[in-house]
Structures are given as structure tokens and as C-alpha cells.
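Student: Could you take one part of this protein and go through it with me slowly? I'd like to see how the pieces around it fit in, too.

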Amino acid sequence: MSPQHIIPAAMLALAAFTPFHASAADANASAGANPGPVYAGASYGFRSSTGLDCASGQQNCDKNSKRSAKAYVGYSFDALPFQGGVAVPAIELVGYTSGSVTSGFDTAAGKVAGRGKFNGAGVQGVLAYHFDAFSVSGRAGLAYTKAKVDYLSGGSDKESKAGVMYGLGAAYALNKNWSLHLDWDRLPVKYSGSQKTKADMFSLGASYRF
């Protein structure tokens, strides 16, 4: 299956599976019961670090971008008691957008100054460990990103890349529905034919469980 088809296929699978689980849950739940297994959230990326290097003599070089964001929808499975808390596996569909980063980018002519940004989407497995209102989580999956770099001297490049994404997170449940999140995500990015790198996104956000 090509990278372009990974996300639509995963979304269809999740959409097909959710009603069956929801029906089973409704048959055994009463009014006012705990929220269901489906949740959604969004986060603001206050910092995104890259593995880029500045071009020789480049002015105003900043290898970190701001104003990044991610949004996701997830489906959690049955909780498993573990060491005084509970472990909860889940699957998520997630989308990313990055802020602009000004740096040097590798080309056939050498490292050239420019501004780059990317968008991406992915599907990932998540394992969260909950103890009281707090939880920590780890996640890993596949991402597909599209990036563009505009060179300061003129011209541009567009590239896409499929690869492994992973990350860690911590959350605090305000109530049964709302939670606050602090996350780190590492994503594969390819800005030009010669420039492969990574993006480490640090973000704050919230999620809602339906």
C-alpha cells in the first residue's frame, strides 16, 4: 500500500469498527455512564526543532520553528490493570502542520539558504499508563509528510517522505471528558532531493473524550 493510501485506509477501518464497539457499550451502559472510547484533541506546537544547519554567511538563521500544530482523533481499547494504575492501548489518526523554519538546505549546488515548512498525517499506536488524574504515554506509527522550501536566492523545492514517527506525552484529566496534554513528537521530513531531516515538535493542547 502506498503512503498516500495509509491514512484513508486507517480512517475507514476506524470508522467501520467504532459503531460495533459503541453498540456493545451502549447495551451495557446506563445513562450518565463514563464517556466512550472515541476522543479527539488538538495541540499548539510552541517549539519545533530540526536537524538543519545554517548556510555559510546566512543572516537571521533559526533552525527552530514556532506556530506548529497537530490534531488527532483516537479510539481507546479496554483498560488493563497494571501496578496500581491502568494501561490503556489506543489507535490514533493524526495530522500535523509546521511553522516556517529559516535555515540552510542541501541541494545539488551545495547548502542554500531558504525557508521551509511541512504538513503531514499519520496513524499510530498509543499506550498510556493512568494513575489517578495523571497519565504518561508512548506512541509510534507511520507518517507521511509533504515539505516545501523557498530559497532566498529564488526557486523552490517540494518533496514528500514516508517514515516512522514516535513520541512521548504526559496528560492531566480535568474531568471525565477533558484532559490537558504536553507532548513531544518526532517526524520524518524531506525538504529537498538532498535534504532529509527530522522535526521534534513540543506542544501543549487538550483532548475531549466523547
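Tutor: Sure, let's zoom in on the disulfide, then work outwards. The torsion about the S-S bond of cysteine 54 and cysteine 61 is about -90°, so this disulfide is left-handed. Keep in mind that we're looking at a predicted model. A disulfide is a covalent bond between the sulfur atoms of two cysteines. Here the sulfur atoms of cysteine 54 and cysteine 61 sit 1.9 Å apart. The cut-off for calling such a pair a disulfide is 2.5 Å, and by that rule the count comes to one.

Is this bond hidden away or out on the surface? Let's take its two ends in turn. Cysteine 54 has a relative accessibility of 36%, so we call it partly exposed. Cysteine 61 has 26%, and therefore counts as partly exposed as well. The reasoning rests on two limits: buried means under 20% and exposed means over 50%, with partly exposed in between.

Now let's step back to see what surrounds that bond. The protein chain has one helix and eleven strands. If you read along the sequence, the helix comes at the start of the pattern and the strands follow, as in α-β-β-β-β-β-β-β-β-β-β-β. There are 210 residues in the chain, and buried ones make up 38% of them. Take the contacts between residues at least 6 apart in sequence: 63% of them join residues at least 24 apart.

A good example of such links is a salt bridge, and the count for this model comes to eight. One of them is between the side chains of aspartate 185 and arginine 139, with N and O 3.0 Å apart. Aspartate 185 belongs to strand β10 and arginine 139 to strand β8, so this pair ties together parts that are 46 residues apart in sequence. You might expect charged side chains to be out in the open, so check the numbers here: aspartate 185 has a relative accessible area of 1%, which makes it buried. Arginine 139 is buried too, at 7%.

Strand β10 shows up again in another salt bridge. Aspartate 200 meets arginine 186 through their side chains, at 2.7 Å from N to O. Aspartate 200 lies in strand β11 (residues 196-209) and arginine 186 in strand β10, so this pair connects parts 14 residues apart in sequence. Its two ends fall into separate classes: aspartate 200 is buried at 7%, while arginine 186 is partly exposed at 23%. Some salt bridges also share partners, and in that way Lys70, Arg139, Asp183 and Asp185 are joined into one network. Aspartate 150 and lysine 148 make a salt bridge as well, their closest N and O atoms being 3.8 Å apart. Aspartate 150 is partly exposed at 37%, and lysine 148 is partly exposed at 33%.

Let's stay with strand β8 for a moment, as threonine 145 is placed there. Threonine 145 is buried, with just 2% relative accessible area. Its side chain reaches the backbone oxygen of proline 188 at 2.8 Å. Setting aside neighbours within four places in sequence, threonine 145 touches several residues, among them Phe118, Asn119, Glu159 and Val189.

Phe118 gives us a way over to serine 98, whose side chain reaches the backbone nitrogen of phenylalanine 118 at 2.8 Å. Where is serine 98? You'll find it in the loop between β5 (85-97) and β6 (101-107). Although it's in a loop, serine 98 counts as buried, at 5% relative accessibility. Beyond its neighbours within four places in sequence, it is in contact with Arg67, Ser68, Lys117, Phe118 and Asn119.

Last stop, the outside. The accessible surface of the chain comes to about 11,100 Å², and 60% of that belongs to carbon and sulfur atoms. On it there's a nonpolar patch of about 660 Å², made by Phe131, Phe134, Val136, Tyr172, Leu174, Trp178 and Leu180. The elements giving two or more residues to the patch are β8 (134-151) and β10 (178-190). One patch member, leucine 180, is found in strand β10, and it is partly exposed at 41%.

Conventions:
Residues numbered from 1 in each chain as written. Predicted model: local features only at pLDDT ≥ 70, side-chain atom pairs only at ≥ 80, totals over all residues. Heavy atoms only, no water. Buried < 20%, exposed > 50% of the residue type's maximum accessible area, 1.4 Å probe, protein only. Helix = DSSP H or I, 4+ residues; strand = E, 2+ residues; numbered from the N terminus. Contact = heavy atoms within 4.5 Å. Areas by Shrake-Rupley, 256 points an atom, 1.4 Å probe, with all protein chains shown as cover. Patch = residues over 30% accessible without salt bridge, like charges linked within 9 Å, V, L, I, M, F, W, Y side chains within 5 Å. Salt bridge = Lys/Arg side-chain N within 4 Å of Asp/Glu carboxyl O. Polar contact = N/O pair within 3.5 Å; in protein donor to acceptor, adjacent residues only side chain to side chain.
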